[in-house]
Amino acid sequence: MAARLITLNQFIVERQKDFPCSEGRLSRLLADIGAAAKIISREVNKAGLVDILGADGSTNVQGEEVQKLDAYANNTFISFLRNGGECAVIASEEDEDVIITEDAYVHTNPKYVVAMDPLDGSSNIDVNASIGTIFSIYRRRSKQGEASKADVLQKGSEQVASGYVIYGSSTMLVLTTGNGVNGFTLDPSIGEFCLSHPKIRIKPDGKIFSVNEGNYHAFNPGVKKFIEWCKDPAKEEGPLKARYIGSLVADFHRNLLKGGIFMYPSTAETPNGKLRLVYECNPMAFIVEQAGGRATNGTVRIMDIQPTELHQRVPYAVGSENLMDQLHTTLGVWG
Ligand code: P6P
């Protein structure tokens, strides 16, 4: 008996029961994200073939300006979120300030806000490395008609859902709504995300460490000591495998499925690291905690940090529980 095929939309509707007095509005928002992701997947997969890798100022047959793929992804998600009517505010890595989307839908009183990185790691497209979309969903705090940036600057612990889409050898959407983590693989032949990785859990003991060792010279002593521990052949489990793609979604996804730790530490030049709290670190932190892992800035839980700026960076460590414990045992203060 073949396993029952469950599409993302069927799954979302079935899970609606997990939300008391749900009116299906989060379901609609998640379906909008899934639909936009299918379009981005189509464009990413032909990026090498058509001229959407560079904004060369040319115009295409419709007379539209040729867009960079990440700008294309941003515009697509904004369009779907705005027209879906369930999102009051959007924060995007591509936009300096928030986008208030409730104007046209103030009558529906959108209940949610979205923070996203529409196409993270897009510099990897040219070399055909996997890239991804990252998203985070909160309930709005403002009253109807008063949506603002404050709606997005909430602690990660307030997220109602988060996820990412990885555009790789296949396109997968990985999602949590606070009841575990599930992965959906896009079947292009039917244009649906289908449940392929139910109830994802991250192994407590991973065998992979991911860090850009090109910055080793600039890491603080505690981080250097942990990296040396990872490599130490004398420990019982032997040396860990070094794996680093340089695309957060790809590095995170591999470690989620196989076990491991990813770090983007602070350095003297980048005292707050490189990754963004609101739309990169928090959504991935929600996923990894729901899968049994941990995410910190080296001293505190990522989802306990109160954001103050939309694009603020934080030092980041995320992954298997026992590797995270080993990191914190080894670290002094990691600011
Ligand atoms: P580095 C991609 O540019 C990105 O924002 C993340 O996806 C990735 O984890 C990180 O930067 C890689 O940075 O400095 O190692 O190239």
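In the predicted model, D187 of strand β7 has E192 of strand β8 as its bridge partner. Strand β7 (residues 181-187) and strand β8 (residues 192-197) run antiparallel and are joined by five bridges, where strands are DSSP runs (E, at least two residues) numbered from the N terminus and two strands count as paired if DSSP finds at least two bridges between them. The two strands form a hairpin with four residues between them, and in its turn G191 adopts a positive phi of about 65 degrees. Residues are numbered from 1 along each chain as its sequence is written, and side-chain values rest on heavy atoms, with hydrogens and water left out. Because the model is predicted, local features need pLDDT of at least 70 and side-chain atom pairs count only at pLDDT 80 or more, whereas totals for chains, interfaces and linings use all residues.

The hairpin belongs to an open sheet of eight strands with mixed pairing, in the order β2-β1-β3-β4-β5-β6-β7-β8. Since β2 (99-100) and β8 stand at the edges with a single partner strand each, one side of each is left without a neighbour in the sheet. Another open sheet comprises five strands in the order β10-β9-β11-β13-β12, again with mixed pairing; its edge strands, β10 (241-242) and β12 (294-296), each pair on one side only. Within this sheet, strand β9 (residues 208-210) pairs with strand β11 (residues 261-264) in the parallel sense over two bridges, and F209 has I261 in β11 as its bridge partner.

The ligand is surrounded by D120, G121, N212, Y244, G246, S247, L248, F262, Y264 and K274, a residue being counted if one of its heavy atoms lies within 4 Å of the molecule. This shell divides into four nonpolar, four polar and two charged residues, with Tyr counted as nonpolar and Gly as polar. Polar contacts are pairs of N or O atoms within 3.5 Å; polar side-chain atoms lie at 2.5 Å for Y244, 2.9 Å for N212 and 3.0 Å for K274, in each case from an oxygen atom of the ligand. Taken alone the ligand exposes 400 Å², of which the protein buries 78%, as computed by the Shrake-Rupley method with a 1.4 Å probe.

Conventions
Polar contact = N/O pair within 3.5 Å; in protein donor to acceptor, adjacent residues only side chain to side chain.
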